[in-house]
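Welcome! Take a moment to look over the sequence and the 3D structure, and then let us walk through some of the features together.

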Amino acid sequence: DSKKSYLLYGDYNTSQSSEARKLASYNRSLTGVKQHFESGSVSTTLFASRDSTRQVVDEIRANGTSGPFVLSRANGLINSEKIEVLVRDRNQPAVVLRATPFTRFVDYDLEPLTGRLLLKAPLASLDESLNPVFLKITYEVDQGGDAFWVIGGDAQVRISEALEVGATYVQDQNPLDKFKLAGINGVAKLAEKTILIAEVAKTRR
């Protein structure tokens, strides 16, 4: 660790908080190497993991109780889960109005051997505007078989006080579910309180 830069080996999350990177955001809990470099106008992050895990996403409708809610896979890796409460538009279910993250031991408990999720308090099935509420659970499972690489990185460069550009690339070499993600973005400060953000991303699965 040195100033704002670091090199890490162990468990990490690949997501990077950036207003300029939404379409090309990649969120995984992996074990491997992660490097972040930040100096002046340049910021880069690289990661690599060789394992046999894949990501599973379960979305369960809230029912007014604290559970237990049963995950689709009981062999999820411990501490790899990310749990959010989603409020969807009742007229357009594909639109997420709010997403609230939950914290382990504070908001919920998870039994890794049974895949049972128990909340600390009941969760209403509808919000005050009668929009449906869901639990979104994202976690990693070991699919077995040979290990494969998951690699990726991103970079942001500030060209001037008013212009910043960036790029992202990710490649998951899972033989059962190969995946690639590439994206570019730009941020332009048009006025003191006006910012234009543009982003283009492409995925291949």
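## The nonpolar cores

In this predicted model, the largest nonpolar core has 18 residues, and the members that touch the most others are Leu117, Leu119, Leu123, Leu135 and Ile137. Two or more residues of this core come from each of strand E4 (53-61), strand E6 (82-88), E8, E9 and strand E10 (133-142). E10 gives the largest share, with five residues.

There is also another core, which lies apart from this one. That core has 10 residues, including Tyr12, Ala24, Tyr26 and Val170.

## A closer look at Leu119

Which residues does Leu119 contact, once its neighbours within four places in sequence are left aside? They are Thr65, Ser66, Phe69, Phe102, Asp107, Tyr108 and Leu135.

## A sheet of three strands

Next, find the open sheet whose three strands come in the order E5-E9-E8 and pair in the antiparallel sense. Strand E5 (69-70) and strand E8 (108-111) are at the edges with a single partner strand each, so each has one side without a neighbour in the sheet.

Two bridges link E5 to strand E9 (residues 116-119) in an antiparallel pair. Here you can spot Phe69 opposite Leu117 in E9. Phe69 is also among the contacts of Leu119, while Leu117 is one of the core residues that touch the most other members.

## Hairpins further along the chain

Now follow E12 into strand E13 (residues 179-191): the two run antiparallel and are joined by 10 bridges. Together they form a hairpin, with six residues between the strands. One pair to look for is Gln171, which stands opposite Lys180 in E13.

E13 also pairs with strand E14 (residues 194-204), again in the antiparallel sense, over 11 bridges. What joins E13 to E14? A hairpin does, through two residues. In this pairing, Lys189 faces Ile195 in E14 as its opposite residue.

## A nonpolar patch on the surface

Finally, turn to the surface, where Phe37, Val42, Val157, Ile159, Leu163 and Val165 make a nonpolar patch of about 430 Å². At least two of the patch residues come from strand E11 (148-160), and at least two come from strand E12 (163-172).

Val157 is a good residue to pick out here. This valine, Val157, lies in strand E11. Is Val157 buried, partly exposed or exposed? Val157 counts as partly exposed because its relative accessibility is 32%.

Terms used: Residues numbered from 1 in each chain as written. Predicted model: local features only at pLDDT ≥ 70, side-chain atom pairs only at ≥ 80, totals over all residues. Heavy atoms only, no water. Patch = residues over 30% accessible without salt bridge, like charges linked within 9 Å, V, L, I, M, F, W, Y side chains within 5 Å. Areas by Shrake-Rupley, 256 points an atom, 1.4 Å probe, with all protein chains shown as cover. Salt bridge = Lys/Arg side-chain N within 4 Å of Asp/Glu carboxyl O. Helix = DSSP H or I, 4+ residues; strand = E, 2+ residues; numbered from the N terminus. Buried < 20%, exposed > 50% of the residue type's maximum accessible area, 1.4 Å probe, protein only. Pairing = 2+ DSSP bridges. Core = buried A, V, L, I, M, F, W, Y, C linked by side-chain atoms within 4.5 Å. Contact = heavy atoms within 4.5 Å.
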